Amino acid sequence: MKYLDEFSDPDLARSLLRQIHAATTRPWALMEVCGGQTHSIIRHGIDQLLPDGVEMIHGPGCPVCVTPLSVIDKALAIAARPGVIFCSFGDMLRVPGSGRDLFEVRSAGADVRVVYSPLDALGIARDNPDREVVFFGIGFETTAPANALTVHQARRLGIRNFSLLVSHVLVPPAISAIMESPRCRVQGFLAAGHVCSVMGTSEYPSLSQKYGVPIVVTGFEPLDVLEGIRQAIVQLEQGRHETRNAYPRAVPETGNPVARQMLADVFEVTDRAWRGIGTIPGSGWRLTDRYRDFDAEHRFDVTGVHAAESALCRSGEVLQGLIKPHECAAFGRVCTPRQPLGATMVSSEGACAAYYTYRRVAG
């Protein structure tokens, strides 16, 4: 199948690995931003095939994982209210809040539904005019256009019983926060190709220059990841720090102008809390004043919810690349995909889930 088999070719993979080994003369630490890249790296053992001293640090690029506990608790509070139909993608239903998850709320009688698109939720709202329908809108720049379009459609069609619980986060401010952490060890980044397919690459060169790190926009198949690593290491070895696009089949320099225009109309930049990391200035989106009536957080007055993380869970350190999942004492013992303590274990893109799924108990 095009873009699957040909980007998993073992002969080409060996060729790229030979080039990486030939180019490497010293240790380097690279961070892959996206959880999809993390799963590809762990599933195919890419990190174990790299030269000694080249470390892949798993970044915070899993949208489920970085959704803060307080937002999960807001979702639980809204979903439990009478007259509400709460809609979400399936991967959010098992993410634990302070005391329960959306599955448990549903088992207690709440109307919680799995949908495959926010437009599905809008259709439910149209068909149930006497009910309040809420869609849980989380994720990076990748998922935001569909959510923006849905709110735009709700306003245009006059569907007033629809609202969006928003927890969108942005990648470039997260890169800044990682680089400015006193514990940062990252020397180069593999940027998330699907984010750049929407937003383009224009925000990254200034980050490369400011922090002196190469940023290579990368896809998710094994050869994509290896080529991203190769380009990053070549730059590091040559003392360069530039932004390069190693995913041109999906990422144009300007991204998707239509999607970006829709985002600019519906959302505005705001400070946003990241689970396990804290608040990063200017790192998220919220609905603009024009669409504020569709903001579930304000419609249901859940703005004051605060929550505390499990004392056993170290997912915050995993998300910042400070530890590997297996270095957490709870990993695989009291924290498993069936009974997760944190979102990095329950999410299909979480680093802890990747290590558990592929039986990785060492770095």
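## A stroll past two helix pairs and a pocket

Start with H1 and H12, which count as roughly parallel (angle under 35 degrees; helices are DSSP H or I runs of at least four residues, strands E runs of at least two). You're looking at a predicted model, where local features need pLDDT of at least 70 and side-chain atom pairs 80 or more, while totals for chains, interfaces and linings use all residues. Numbering runs from 1 along each chain as its sequence is written, and side-chain values use heavy atoms, without hydrogens or water.

Select 10–23 for H1 and 222–237 for H12: the angle is about 15°, and the axes lie 9 Å apart.

Next, pick 118–127 (H7) and 144–157 (H8). Here the angle is about 25°, with 9 Å between the axes, so H7 and H8 are roughly parallel too.

Now for the second largest pocket (an open set of 1 Å grid points where a 1.4 Å probe fits, with protein on both sides within 12 Å along at least five of seven lines; lining residues have an atom within 4 Å of a point). Its space comes to about 290 Å³. Show Pro63, Gly139, Phe140, Thr143 and Glu349: of the 22 lining residues, these lie nearest the centre.

Which elements each supply at least two residues of that lining? Colour strand S1 (28–34), helix H4 (63–66), strand S5 (132–139) and helix H10 (193–199). S5 gives the largest share, 3 residues. By type, the lining splits into 12 nonpolar, 8 polar and 2 charged residues.

Last stop: colour domain 1 (16–298) and domain 2 (315–357); both contribute to the lining, so the second largest pocket lies between them.

Definitions and conventions. Points joined across faces, edges and corners; volume = space filled by probe spheres on them. Nonpolar A, V, L, I, M, F, W, Y, C, P; charged D, E, K, R; others polar. Domains from an automatic or database assignment. Axes fitted to C-alpha atoms, helices over the stretch in contact; angles between N-to-C directions. Parallel < 35°, antiparallel > 145°, perpendicular 65-115°, else oblique.
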